[in-house]
Amino acid sequence: VLIEEFVAAPEYSVESLTRGGRTQIVASTEKLTSGAPHFVEVGHNQPAELAVDAREPLTRTALAAIDALGIDDAASHVEIKLGRSGPRVIEAAARAGGGFITSHLVPLSTGIDFLQATIRVALGESPLLEPTMQRGSAVRFVVADPGIVQQIDGLQEARQAAGVVEAMVYTQPGGVVGALTDATGRLGHIVCQGANRAEAGRLADEAVRLVRIATS
């Protein structure tokens with residue numbers, strides 16, 4: 001019998017880099033999911049929108065998780081839910097965040113090349129973690145009903161939409177679309193940059209709606 005606590009609360013991730021026992025938090029990310037029962041991540045916003053009294057518990061918990069695991073000379077991606085009973089760690093890993101968080105969103109919102117910084121740490125060099133901008137970024141994943149792909153429309157239109165930095169679809173007509181039970185059910189992505197988190201999220205929402213994948 002496995003018993004777990006269910007935390008009905010927003011989920012965030014904290015992106016950081018540790019070198020020589022000193023951790024620097026680079027960004028916080030707001031995570032959007034498909035909801036029950038699978039909670040597949042269908043989008044991310046950066047920086048996360050947090051109340052003043054929520055930011056400190058989030059970063060404190062991430063740092064405590066990194067310290068407890070003994071992560072050093074590595075990137076960290078710590079996922080946390082902020083519920084009524086306080087922050088709860090959902091996942092902690094000695095790696096850079098996936099889902100375009102550290103490869104795309106961090107550079108677009110802070111100007112920091114997180115992947116380069118991670119490689120520099122692996123080589124024993126000092127990472128370059130000084131922000132050069134304060135903007136917003138977002139990614140939305142393309143999904144569709146299960147079935148056989150018949151037609152894909154709107155991708156070029158999405159690529160030309162305001163704020164779009166990258167738009168891709170991973171399938172083609174004849175491809176098989178399964179149920180959205182994990183990340184393999186995502187069929188494409190749209191990455192956007194905006195003046196702030198709210199604008200980037202809005203632009204990403206608008207752009208992803210332009211991409212239509214018909215299945216039967």
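## Lysine 81

The side chain of K81 reaches the backbone oxygen of V7 at 3.0 Å. This comes from a predicted model. K81 sits in strand β4, which spans residues 74-83.

Where is the nearest side chain of opposite charge to K81? It belongs to E11, 4.6 Å away. A salt bridge needs a side-chain nitrogen of Lys or Arg within 4 Å of a carboxyl oxygen, so the E11 distance does not qualify. K81 is therefore buried without a salt bridge.

Beyond residues up to four places away in sequence, K81 touches V7, A9, P10 and E11. G86, P87, R88 and I90 are also on its contact list. V7 thus appears twice: as a contact of K81 and as the residue whose backbone oxygen the K81 side chain reaches.

## Nonpolar cores

The largest nonpolar core has 19 residues. V164, I190, C192, V211 and I213 have the most contacts inside it. Five elements each supply at least two residues of this core: β6 (136-142), α4 (155-159), β8 (164-169), β10 (188-194) and α5 (197-210). Helix α5 gives the most, with five residues.

Which residues does C192 contact, leaving aside its neighbours within four places in sequence? The list includes L108, G136, S137 and A138. It continues with A162, G163, V164 and V165. A200, L203 and A204 complete it. Another core, of 14 residues, lies apart from the largest one. Among its members are A48, A54, I80 and L82.

## Strand β6

Is β6 mostly covered or mostly open? It is mostly covered: seven of its seven residues are buried. In a regular strand the side chains alternate between the two faces of the sheet. In β6, G136, A138, R140 and V142 point one way. S137, V139 and F141 point the other way. Residues of both sets are buried.

## Strand pairing

Strand β6 has pairing partners in β3 and β10. With β3 (residues 41-46), the pairing is antiparallel over four bridges. Here Q46 stands opposite S137, and N45 has A138 as its bridge partner. With β10, seven bridges form, again antiparallel. R140 is bridged to I190 there. I190 is also one of the residues with the most contacts inside the largest core.

Strand β3 pairs with β2 (residues 22-33) as well, antiparallel and over four bridges. Which residue stands opposite N45 from β2? It is E30. N45 is thus bridged to A138 in β6 and faces E30.

Definitions and conventions. Residues numbered from 1 in each chain as written. Predicted model: local features only at pLDDT ≥ 70, side-chain atom pairs only at ≥ 80, totals over all residues. Heavy atoms only, no water. Buried < 20%, exposed > 50% of the residue type's maximum accessible area, 1.4 Å probe, protein only. Lys, Arg positive; Asp, Glu negative; His and termini not counted. Polar contact = N/O pair within 3.5 Å; in protein donor to acceptor, adjacent residues only side chain to side chain. Contact = heavy atoms within 4.5 Å. Core = buried A, V, L, I, M, F, W, Y, C linked by side-chain atoms within 4.5 Å. Pairing = 2+ DSSP bridges.
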